[in-house]
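Let's take a walk through this structure together. Have a look at the sequence and the 3D view, and then we will see which parts are tucked away and what they touch.

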Amino acid sequence: MTTLPKININGTSAQSLRDEYYEAYKLLTKAEEFIRESVTCHPRDFQLNEIGDYDKARQERETVIRKLDESIEYLEQWIMNASDSINS
């Protein structure tokens, strides 16, 4: 659960929050997509390593992608919170 602000006139505007978090969202989704689809993690690169190192590297990669996904979800919640305030 993400702790979200109750947007008010003394704080940052809903529009600014939405814009800032949306920019971060675009960057993280692009990074996540690039890592998932374009960054190499291939067994041939581990052929001189200890047995099991490739599997460990794949697990580490999946952990990084999962953390990015969690960060993206966090940003989405802030965006929705700000958008709800704008639309109400």
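In helix H2, the buried residues are Ala57, Arg61, Ile65, Leu68, Ile72, Leu75, Trp78, Ile79, Asn81, Ala82 and Ser83. Keep in mind that this is a predicted model. What do the buried residues of H2 pack against? Their partner is helix H1, which covers residues 14–38.

Now turn to H1 itself. Its buried residues are Ala14, Leu17, Tyr21 and Glu32, and H2 is included in what covers them.

Here are the two helices side by side:

| Helix | Residues | First to last C-alpha | Expected at 1.5 Å a residue |
|---|---|---|---|
| H1 | 25 residues | 35 Å | 36 Å |
| H2 | 35 residues | 51 Å | 51 Å |

For H1, the reach is close to the expected value, and for H2 the reach is also close to what is expected.

Next, the core. The largest nonpolar core has 6 residues in all: Leu17, Tyr21, Leu75, Trp78, Ile79 and Ala82. H1 and H2 each supply at least two residues of this core, and H2 gives the most, with 4 residues. As a wider background, nonpolar side chains tend to be buried together in soluble globular proteins.

One member of this core, Trp78, deserves a second look. Which residues does tryptophan 78 contact, leaving aside its neighbours within four places in sequence? Tryptophan 78 touches Leu17 and Tyr21, and it is also in contact with Thr2, Thr3, Leu4 and Pro5. Try finding Trp78 in the 3D view, then look for Leu17 and Tyr21, which belong to the largest nonpolar core as well.

Notes
Residues numbered from 1 in each chain as written. Predicted model: local features only at pLDDT ≥ 70, side-chain atom pairs only at ≥ 80, totals over all residues. Heavy atoms only, no water. Expected span 1.5 Å × (residues − 1). Buried < 20%, exposed > 50% of the residue type's maximum accessible area, 1.4 Å probe, protein only. Contact = heavy atoms within 4.5 Å. Core = buried A, V, L, I, M, F, W, Y, C linked by side-chain atoms within 4.5 Å.
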